Amino acid sequence: MSGFSTARLKMVDGQVRTSDVTDRRILDAMLTVPREAFVPAGRQALAYLDLDLDVSEGGAKRFLIKPQLTGKLLQAAEIGEGDNVLVVGCATGYLAALTAKLARQVTATECDSALAAKARDAFTALGLANVTCKAAACTDGEPSAAPYDVIVLNGAAEVMPEALLGQLKEGGRLVGVSAESRPPRATIVTRTHGEFGHRALFDAAAPILPGLERAAAFVF
């Protein structure tokens, strides 16, 4: 067993299972998708630690969110094998790659075009044919592949962009960390008869996605 394989097993057993992630499909995906493949070479030793991992190379800070939170959000999303899913702010694509193991089709967006290219390269290297990554602002989503059964945010939002909610299918759901109030909480938003219901799931913290920050209040 390679060092990364051992670390992957320890991550799942020590961080993910212990956080009440019991969905076998998610655990299997996290055991098979190599997180180190989505991390810059100089930081691969950190790939399986319990932290939000900075994968940016120069531009704005971009992160893979903690493995534990990744697993819990995927479980809350209840992604079915026939689902069409959008992953917002995917960075180098780890969360999107996991989602591709669970869903029929995955579209990922990333505001940093260099990281979006890295995500596409990683998907190709891993033979994941049902996931694509487009360079786009987190606020925009990807209307061309909408409507979505599920939208997953790879991070937190201080504001909820209407464009994303508008791309949800009837009965669809968006999961992510809402940092609109304190403490931040993982939240699920469900679309029913054109209305949106919000439900807090558990306390959680994650880096704010670019473009989903609260506008700075005017101070004088």
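User: In this predicted model, what makes the pairing of the R173 and D83 side chains a polar contact?

Analyst: The side chains of R173 and D83 are joined at 3.4 Å. The limit for a pair of N or O atoms is 3.5 Å, one able to donate a hydrogen and the other to accept it, so the term applies. R173 also has a side-chain polar atom 2.8 Å from the backbone oxygen of A77.

User: Why is R173, in strand β7, called buried?

Analyst: The relative accessible area of R173 is 16%. Buried means under 20%, and R173 therefore qualifies. Beyond four places in sequence, R173 touches residues including E78, D149, I151, I188 and T190.

User: How do you know on which side of α2 the buried residues I26, L27, A29 and M30 lie?

Analyst: These buried residues of α2 cover an arc of only 160 degrees around the axis, which means that they lie on the same side of the helix. In general, an α-helix has 3.6 residues a turn, so residues three or four places apart point the same way. The buried residues of α2 pack against α1, α3 and α4.

User: What makes β5 and β9 the edge strands?

Analyst: In the open seven-stranded sheet, the order is β5-β4-β3-β6-β7-β8-β9. Strands β5 and β9 each pair on one side only.

User: How do you know that β8 and β9 pair?

Analyst: Eight bridges link β8 and β9 in the antiparallel sense. Pairing requires at least two bridges, so β8 and β9 count as paired. Within this region, V189 stands opposite H198 of β9.

Methods. Residues are numbered from 1 along each chain as its sequence is written. This is a predicted model: local features need pLDDT of at least 70, side-chain atom pairs count only at pLDDT 80 or more; totals for chains, interfaces and linings use all residues. Side-chain values use heavy atoms; hydrogens and water are left out. Buried means under 20% relative accessible area, exposed over 50%, partly exposed in between (1.4 Å probe, protein chains only). Contact means heavy atoms within 4.5 Å. Helices (H or I, at least four residues) and strands (E, at least two) are DSSP runs, numbered from the N terminus. The arc is that of the directions from the helix axis to the C-beta atoms.
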